[in-house]
Amino acid sequence: MPGNPPFSQPDSAENHEEGEEEEEEIKDEKVREAKGQIKQVHKLVKRLSGEQVQIRVHDVKIKGNTRTKDSVIEAEVEEVKNAKTMQELVQAAAKANARLQSMGIFESATITLDAGPPELPDTANVIVEVQESDKPFSGDIGIFSKPEAHAWTVEGSLKSRNWLGYGETWDGTGTYGWDKTSEMSAGLHYPRFKGLPASLMARLSLLTDDWIKYSSYKERILGLSVGLDSDENHSLSYSLKWRSLTDPSHGASRAIRRQLGHSLISSVASSYKIDQRDSQLRPTRGFAFASKSEIAGIGPDSRLVRFVRQELDFRYAIPLGFYNAALNIGFSAGIILPWGKGFKDRSIPISDRFFMGGHSSPICNLRGPLSLLGFRSRGVGPTEARRDNSDSSKTDDASDSSGRDTLGGDIAVTSFADLSFDLPLKVLRDSGIHGHCFVCAGNLAILTGDYYRPFSFREFGSSFRSSAGAGIVIPTKLARIEINYCQILRQLDHDRAKRGIQFSFSS
């Protein structure tokens with residue numbers, strides 16, 4: 001029978017043993033290398049934690065971009081070139097990587113720190129590697145809540161990113177609301193414009209708002225805005241708006257009729273916002289602050305609407321140490337006043353005044369003194385009787401049954417306190433569903449025009465409206481949903497309030 005010779009078997013066994021020995025040596029070598037790398041890492045970490053390691057960036061290398069200009073990526077990582085220590089370099093690289101990811105034009109972006117040339121000690125090379133998105137177009141559509149108007153809107157948008165290779169985003173947006181509100185706009189977002197630490201934004205929009213139910217007017221605005229938006233907390237913008245107010249019902253009050261027609265607004269606005277809370281939907285510690293300043297009437301034409309406006313928001317969350325409970329307190333205030341020749345006789349346009357009410361949560365809302373739970377949209381403040389028009393019901397089926405127009409205010413203040421806590425059921429705690437109880441207060445007043453009279457802090461403070469309640473909060477990825485029972489503690493004549501169960505959607 002044919003077969004392998006007997007003397008070949010020992011050779012095969014010897015070869016097998018030699019192979020095992022080589023594999024073990026390779027494994028031991030890899031283990032020694034890994035231990036050496038770990039020791040180096042530990043030594044570096046210990047050095048970084050104990051002292052400032054001086055270093056200088058020698059070069060920034062960019063890889064993977066085919067459409068995007070090098071200058072766009074370099075502008076986003078410019079901060080790393082100014083690092084003087086390894087600690088500063090690591091922090092700057094992390095921020096730069098976050099900015100690259102947020103541009104929305106890359107599938108992935110990584111920043112690697114490598115040693116510089118051997119002849120240049122204490123130097124580093126920064127390697128930026130990106131993978132560009134192969135989907136230049138994107139779109140979305142959704143249904144959203146508009147708490148200040150107690151209405152829902154359908155919103156859709158289409159975006160084109162990095163079409164020219166400058167990291168820019170072109171978008172078109174359309175909105176239609178159940179309350180007959182509609183908006184169409186087109187905009188451009190250009191990152192790190194001309195090396196500035198801010199992005200350039202431009203937008204052209206056409207907005208139609210229906211406020212007949214509350215204040216007997218319809219509003220149409222054609223606007224152009226240009227601004228700079230920093231990655232940190234600031235923004236600066238210029239807006240030019242043509243506005244038209246009409247009264248299809250022919251039943252508006254005298255105060256509203258005097259403001260019907262066309263107007264032109266040329267304004268500059270500056271905003272600052274910082275939010276150090278651990279969560280925007282259920283904050284348990286930290287604070288938030290927002291400020292917005294606006295001056296209108298920029299231009300030589302005396303017919304321009306002229307006013308100055310200031311808004312302030314402050315929120316503070318205090319952990320209580322039991323049942324994940326936290327006390328949230330907040331304060332919002334705003335004032336708007338006319339300026340220019342004859343300002344004492346001018347009224348602030350009703351579209352620019354403050355209105356209070358609706359079902360938006362004061363915890364999430366950092367948009368000025370708007371929210372006052374328990375009161376309907378535009379349900380607080382001065383009102384005036386509408387004109388008696390027997391035919392108005394034919395053209396204004398949605399007009400308010402009270403027969404009065406809400407006029408808003410030139411000064412407004414709101415405050416609240418909210419106690420949140422876990423519910424006893426584990427399934428609810430695991431889902432983030434929790435309980436809360438709250439108390440809110442607010443007031444507004446007119447300082448200009450026919451309603452002008454010397455302002456009294458005592459009278460303003462004594463006429464605050466207030467409410468209290470409790471409910472269940474359901475936080476989601478998109479919004480904070482509240483199911484509350486509200487009790488009205490104080491309201492004045494002609495205020496529109498509602499006691500009972502209310503739903504709130506805030507983002």
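Reader: Two strands count as paired if DSSP finds at least two bridges between them. How many bridges join strand 1 to strand 3 here?

Author: There are 7, and strand 1 and strand 3 (residues 123–132) run parallel. Keep in mind that this is a predicted model.

Reader: Which residue in strand 3 is the bridge partner of R56?

Author: T123 is the partner of R56.

Reader: What order do the strands of that sheet take?

Author: The order is 1-3-2, in an open sheet of 3 strands with mixed pairing. Strand 1 (56–63) and strand 2 (106–115) are the edge strands, each pairing on one side only. From one strand to the next, the twist averages 15 degrees.

Reader: Which helix packs on the sheet?

Author: Helix 3, residues 86–102, does, and it touches strand 1, strand 2 and strand 3. The direction of helix 3 makes about 165 degrees with that of strand 2.

Reader: Stepping back, how many helices and strands does the protein have?

Author: The secondary structure comes to 8 helices and 21 strands. The protein has 507 residues, and 41% of them count as buried. For contacts between residues at least 6 apart in sequence, 58% join residues at least 24 apart.

Reader: What about strand 13, which strands pair with it?

Author: Strand 12 (residues 286–296) pairs with strand 13 (residues 307–319) in the antiparallel sense, over 11 bridges. Strand 14 (residues 326–338) is also antiparallel to strand 13, with 13 bridges.

Reader: Which residues stand opposite each other there?

Author: F287 faces Y316 of strand 13, and A317 stands opposite N328 of strand 14.

Reader: And which residue takes a positive phi in the hairpin of strand 13 and strand 14?

Author: G321 does, with a phi near 90 degrees. That hairpin has 6 residues between the strands.

Reader: New topic. Where is Y166?

Author: Y166 lies in the loop between strand 5 (151–161) and strand 6 (169–177).

Reader: Why does Y166 count as partly exposed?

Author: Because its relative accessibility is 35%, and partly exposed covers the range between under 20%, which is buried, and over 50%, which is exposed.

Reader: What is Y166 in contact with, leaving aside neighbours within four places in sequence?

Author: K69, V72, Y190 and P191. The C-alpha atoms of Y166 and D70 are separated by 9.0 Å, though the two residues are 96 apart along the chain.

Reader: Can you do the same for Q487: which strand is its place in, and what is it in contact with?

Author: Q487 is in strand 20, residues 480–490. Apart from neighbours within four places in sequence, Q487 contacts S467, A468 and R499. R499 is 12 residues away along the chain from Q487, and their C-alpha atoms are 5.2 Å apart. With a relative accessible area of 30%, Q487 is partly exposed.

Reader: Last thing, the second largest pocket. How much space lies in it?

Author: About 660 Å³. The lining of this pocket has 33 residues, and R258, Q259, S347, I348 and P349 lie nearest its centre.

Reader: Which element gives the most to the lining of that pocket?

Author: Strand 11 does, with 4 residues. Strand 10 (234–246), helix 5 (254–257) and strand 11 (261–275) each supply at least two.

Reader: And how does the lining divide by class?

Author: The lining of the second largest pocket has 15 nonpolar, 9 polar and 9 charged residues.

Definitions and conventions: Residues are numbered from 1 along each chain as its sequence is written. This is a predicted model: local features need pLDDT of at least 70, side-chain atom pairs count only at pLDDT 80 or more; totals for chains, interfaces and linings use all residues. Side-chain values use heavy atoms; hydrogens and water are left out. On a 1 Å grid over the protein atoms alone, a cavity is a set of points where a 1.4 Å probe fits but cannot get out, and a pocket is an open set with protein on both sides within 12 Å along at least five of seven lines; lining residues have an atom within 4 Å of a point. Grid points are joined across faces, edges and corners, and a volume is the space filled by probe spheres set on the points. Ala, Val, Leu, Ile, Met, Phe, Trp, Tyr, Cys and Pro count as nonpolar, Asp, Glu, Lys and Arg as charged, and the others, Gly among them, as polar. Axes are lines fitted to C-alpha atoms, for helices over the stretch in contact, and angles run from 0 to 180 degrees between N-to-C directions. Contact means heavy atoms within 4.5 Å. Buried means under 20% relative accessible area, exposed over 50%, partly exposed in between (1.4 Å probe, protein chains only).
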